[in-house]
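Work through the exercises below with the sequence and the model open beside the text. Each task sentence is followed by a solution that goes step by step.

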Amino acid sequence: MKLILYIGLIIAACHAHPRQERRFPDDFLFGTATAAYQIEGGYNVDGKTDNIWDHMTHTKPHVIKDMSNGDIAANSYYNYKRDVEMMRELGIDAYRFSFSWSRILPNPLAPYNVNQAGIDFYNNYINEMLKYNITPMATLYHWDLPQKLQDLGGFLNPLFPEWFEDYARVVYENFGDRVKLFITFNEPREICFEGYGSSTKAPILNVTDVGTYLCAKYLLLGHAKAYYAYVNDFKPTQQGQCGITISSNWFGPLTDSEEDQFAAELKRQAEWGLYADPIFSEEGGFPKELSDVVARKSLDMGYKESRMPEFTDEERQLIQGSADFFGVNHYTASLISATEYKTFYPVPSLYADIDVGIYRPPEWLDSASDWLKFAPNSVYNALTFLHNKYPNTEFYITENGWSNYPDAGLIDDDRSTYYRAALNSVLDALEAGVNIKGYMAWSLMDNFEWMEGYVERFGLYEVDFTSEAKTRTPRKSAFVYKEIVRSRVIDPDYEPENLTMWIDEGH
Ligand code: PNW
């Protein structure tokens, strides 16, 4: 009898005090992200010149899965008001987008010759966001190098840092009065490893032996020069922040063995340490274990020196500390083995240098993208690791999202499940003391998914690419995200009543 009473009391108490809800802080910035080439279209209008994606998709259309390109994409160059309307529908605090370099500087070697039509477009976009209190977060470079600079070697030309600084100054000068969050580069790994060290992104150079490493050096120097241009000449009056976004998926050891732990560390250094250590580590410069391996393998093969270049002391110091925040693009995880699951890689190359195997348990759910699996706790694992490695760093999650196929329709419960799990993992990381300031969902809408064309869809809004208007329609996940943004709480049972969007008062 007593026991029953006791249980009854507990049940009553639970009802009176529902379990403590975990909330995102009020000043946490919730947003969505996109990139210029993936949404804008207008590839040849109003003075814009070709970038490496225009050039590659036009000269080698077969490298894109559906032979498509970003000539029109979601046509945001003309639809930007609808884009901002969608941001208001979602009730988001911030929007991450990127500037197209060759739209702003049709001749990137003549930075005094600014294209007014390009400036007007971004002014309109930014002003429309600000009208509704949406904070712009702007990336200077999301993979669309002006083709003219590629013709001169692109990121492998030692002049690259100067070209980038010149462009960055034009951006700060024109937009820095209103944009307070700048990101220099989106994902150095994808730029350098995929574009130069292999052939999975433009300019598909496939210089496997040195491409990644040389590109990393000049990219980091360009980043640091652009950062100090901001800090010295703009920040004092504009009072914003400038950071960099690095793709930081989680790579854990397959087993607890020392070999696997070392293999996982080498993999992390190859995937993101190569770009993050020079900026955020205490010692500066490229990561030690990776540098040692590349140096040893280079000399063994008969190279005169390491295929990984050195920084001078001056360069190392310039790069070290050159960011106000670390932008994390996080999607997935892998387990790393020193001995198992190895595949073939060209020799020499970054992957042959580290020579580790990758395993993804079959129970991790598949998305439409072969690299993207639903890995438990991966945000928490990556963010707490980064926080311990680079203490006192401020983080933004600048991308996170899930893909499905074009015919998946509007009921995308898999995407909602992914977002809820990822955001719970963000809350875990916040509770563990990681300083995360905001979260940008990739993506506001379906867009040109690089080599996959329009075959993989990441949008909270579906885009009908066959329609003239490029009509945008919210998916179910858009309503789920909207409710999280509004309530600052993740309710696992929330079900939207119908799939019609409206704009809340005050937005
Ligand atoms: C990002 N990975 O790239 C890009 O910044 C976006 O432009 C892109 O559309 C989005 O992710 C979805 O692909 C990534 O290997 C490239 O884990 C590679 C990885 C993740 C993201």
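A residue is called buried when its relative accessible area is under 20%, exposed when that area is over 50%, and partly exposed in between, with a 1.4 Å probe and protein chains only. The model is a predicted one, in which local features need pLDDT of at least 70 and side-chain atom pairs count only at pLDDT 80 or more, while totals for chains, interfaces and linings use all residues. Residues are numbered from 1 along each chain as its sequence is written, and side-chain values use heavy atoms, with hydrogens and water left out.

**Exercise 1. Describe the overall dimensions and burial of the protein chain.**

Step one is the burial: 60% of the 507 residues of the protein chain count as buried.

Step two is the radius of gyration, which is taken over C-alpha atoms and compared with a globule rule of 2.2 Å times the number of residues to the power 0.38. Because a compact globule of 507 residues would have a radius near 23 Å, the 23 Å of the protein chain agrees with that expectation. The C-alpha trace spans about 85 × 55 × 50 Å along its principal axes.

Step three is the surface, for which accessible areas come from the Shrake-Rupley method with a 1.4 Å probe, and for residues only the protein chains shown count as cover. The protein chain has an accessible surface of about 20500 Å², and carbon and sulfur atoms hold 51% of this area.

**Exercise 2. Characterise the secondary structure and the contact pattern of the protein chain.**

Helices (H or I, at least four residues) and strands (E, at least two) are DSSP runs, numbered from the N terminus. On this basis the protein chain has 18 helices and 15 strands.

Contact means heavy atoms within 4.5 Å. Among the contacts of the protein chain with a separation of 6 or more, 76% join residues that are 24 or more positions apart.

**Exercise 3. Place Asn 400 and Asp 324, and find the polar partner of each side chain.**

Start with Asn 400, which sits in the loop between strand 12 (395-399) and helix 17 (413-431). Its relative accessible area is 0%, so Asn 400 is buried. Beyond the neighbours within four places in sequence, the contacts of Asn 400 include His 330, Tyr 331, Tyr 418 and Trp 442.

A polar contact is a pair of N or O atoms within 3.5 Å; within protein, one must be able to donate a hydrogen and the other to accept it, and residues adjacent in sequence count only if both atoms are side-chain atoms. By this criterion the side chain of Asn 400 pairs with the side chain of Tyr 439 in a polar contact of 2.5 Å.

Turn next to Asp 324, in the loop between helix 14 (313-319) and strand 7 (326-329). With a relative accessible area of 17%, Asp 324 is therefore buried. The side chain of Asp 324 has a polar contact of 3.1 Å with the side chain of Lys 235, and the residues in contact with Asp 324, apart from neighbours within four places in sequence, include Tyr 227, Cys 242 and Glu 394.

**Exercise 4. Examine the backbone for cis peptide bonds and positive phi values.**

The background is that most residues other than glycine have a negative phi, and most peptide bonds are trans.

For the peptide bonds, the one from Ala 202 to Pro 203 is cis, with omega near 10°, and Pro 203 belongs to the loop between helix 9 (188-195) and helix 10 (211-233). Val 347 and Pro 348 are likewise joined by a cis peptide bond, with omega about -5°; Pro 348 is in the loop between strand 8 (333-337) and helix 15 (350-354).

For phi, Asp 46 has a positive value near 50° and is in the loop between helix 2 (36-39) and helix 3 (52-59). Its relative accessible area of 44% makes Asp 46 partly exposed. Gln 239 has a positive phi of about 60° in the loop between helix 11 (235-238) and strand 5 (241-247), and with a relative accessible area of 59% Gln 239 is exposed.

**Exercise 5. Is Leu 350 buried or exposed, and which residues is Leu 350 in contact with?**

Leu 350 is found in helix 15 and is buried, since its relative accessible area is 2%. Leaving aside neighbours within four places in sequence, the contacts of Leu 350 are Phe 193, Thr 208, Thr 212, Tyr 213, Ala 270 and Leu 290.
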